[in-house]
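Subject: Structure handover

Hi,

Here is the structure I promised to pass on. My notes follow below it.

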Amino acid sequence: MIYLQLFFSFLKIGAFSFGGGYAAMPLIQEQVVSLHSWLSMEAFTDLVTIAEMTPGPIAVNSATFVGSQIAGPLGAVTATLGCILPSCIIVTFLAYIYTKYRNLSLLQGTLASLRPAIVAMIAKAGVAILISSFFIDGTISLVYQNVCVRMILFFAGALVLLRKMKMNPILVMVLCGVANVAYVVITGGI
């Protein structure tokens, strides 16, 4: 019975949590803490921390964590499947619609008009990440104390490794991580 409760609780969360992982948190709290009392509020706070720290979508990480806490590995699989099933169905439906109507000029025009907006959104996110990485307090200032020279050097080095030397991006990320750890160890965390 617990497996069905986990599946249907996270099926609701997966179906109605539009707007990303943080938008799903109130729904997860309602199901996990208030409705079923599977976790205390303190444990839910730990859940949010763990879901943010681990790679992947927050809602899926939360489902996996809650399922494993409540019903072990099978509970983790059940809750995770409930959480991702609505997205899988919606994406499959959209893929079917796209393949059926992809040559329709109205659809092509709509997709073509969306491309600049998507590029702008990705560029905005990239610029925000660069600003938060290059400038210590997240605001642009050319004062030397505010600029994180180490991150600028890592970025430039990674760019050279990716573009000029055609290295694998995962290897470049690992190298940057190792270089940062080495820097912190050598300088004592400065």
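Valine 172 is buried, because its relative accessible area is 3% and the cut-off for buried is under 20%. Note that this is a predicted model. Valine 172 sits in helix α7, which covers residues 169-187. Beyond its neighbours up to four places away in sequence, valine 172 touches Ala158, Leu161, Leu162 and Met167. Glutamine 5 is a long way along the chain from valine 172: 167 residues separate the two. Their C-alpha atoms are 43 Å apart.

Now helix α6. Phenylalanine 154 belongs to this helix. From phenylalanine 154 to valine 172 is 18 residues along the chain and 10.0 Å between C-alpha atoms. Phenylalanine 154 touches Cys176, Ala179 and Asn180, leaving out residues up to four places away in sequence.

Phenylalanine 155 is also found in α6. Is phenylalanine 155 buried or partly exposed? Its relative accessibility is 36%, so phenylalanine 155 counts as partly exposed. Its contacts, not counting residues up to four places away in sequence, are Leu130 and Phe134. Leucine 130 lies 25 residues from phenylalanine 155 in sequence, and the two C-alpha atoms are 9.0 Å apart.

Next, helix α4, residues 58-101. How far does α4 span between its end C-alpha atoms? A straight helix of 44 residues would span 64 Å at 1.5 Å a residue, yet α4 spans only 33 Å. There is a bend in α4 of about 145 degrees at alanine 71. A proline, proline 73, follows within four residues of alanine 71. Check the bend and the span together when you load the model.

Helix α5 is the contrast to look at. It runs over residues 105-134 and has 30 residues. At 1.5 Å a residue, α5 should span 44 Å; its end C-alpha atoms are 44 Å apart, so the expected and computed spans agree. α5 still has a kink of about 30 degrees, at arginine 115. Proline 116 comes shortly after that kink.

Back to α4, for its surface. Which residues make the nonpolar surface patch? They are Tyr3, Leu74, Val77, Leu81 and Ile84, and the patch is about 430 Å². Helix α4 gives the most to this patch, with four residues. Residues three or four places apart in an α-helix point the same way, because there are 3.6 residues a turn. Valine 77 lies in helix α4. Valine 77 is partly exposed, since its relative accessible area is 47%.

Threonine 78 lies in α4 too. Threonine 78 is buried, because its relative accessible area of 14% falls under the 20% cut-off. Tyr3 and Phe7 are in contact with threonine 78, leaving aside its neighbours within four places in sequence. Tyr3 is also one of the patch residues. Valine 181 is 103 residues from threonine 78 in sequence, and the C-alpha atoms of the two are 38 Å apart.

Last, two backbone angles. Most residues other than glycine have a negative phi. Where does serine 37 sit? Serine 37 is in the loop between α2 (21-35) and α3 (41-53). Its phi is near 55 degrees, a positive value in a residue other than glycine. Serine 37 is exposed, because its relative accessible area is 54% and exposed means over 50%.

Lysine 166 also has a positive phi, of about 55 degrees, and is not a glycine. Lysine 166 is placed in the loop between α6 (149-163) and α7. With a relative accessible area of 65%, lysine 166 is exposed.

To recap the items to look at: the bend at alanine 71 in α4, the kink at arginine 115 in α5, and the positive phi values at serine 37 and lysine 166.

Best regards

Conventions
Residues are numbered from 1 along each chain as its sequence is written. This is a predicted model: local features need pLDDT of at least 70, side-chain atom pairs count only at pLDDT 80 or more; totals for chains, interfaces and linings use all residues. Side-chain values use heavy atoms; hydrogens and water are left out. Helices (H or I, at least four residues) and strands (E, at least two) are DSSP runs, numbered from the N terminus. Buried means under 20% relative accessible area, exposed over 50%, partly exposed in between (1.4 Å probe, protein chains only). Contact means heavy atoms within 4.5 Å. Patches are made of residues with over 30% relative accessible area and no salt bridge: like charges are joined within 9 Å, nonpolar side chains (Val, Leu, Ile, Met, Phe, Trp, Tyr) within 5 Å. Accessible areas come from the Shrake-Rupley method with a 1.4 Å probe; for residues, only the protein chains shown count as cover. A salt bridge is a side-chain nitrogen of Lys or Arg within 4 Å of a carboxyl oxygen of Asp or Glu. The expected span of a helix is 1.5 Å times one less than its number of residues. The bend at a residue is the angle between axes fitted to the seven residues ending there and the seven starting there.
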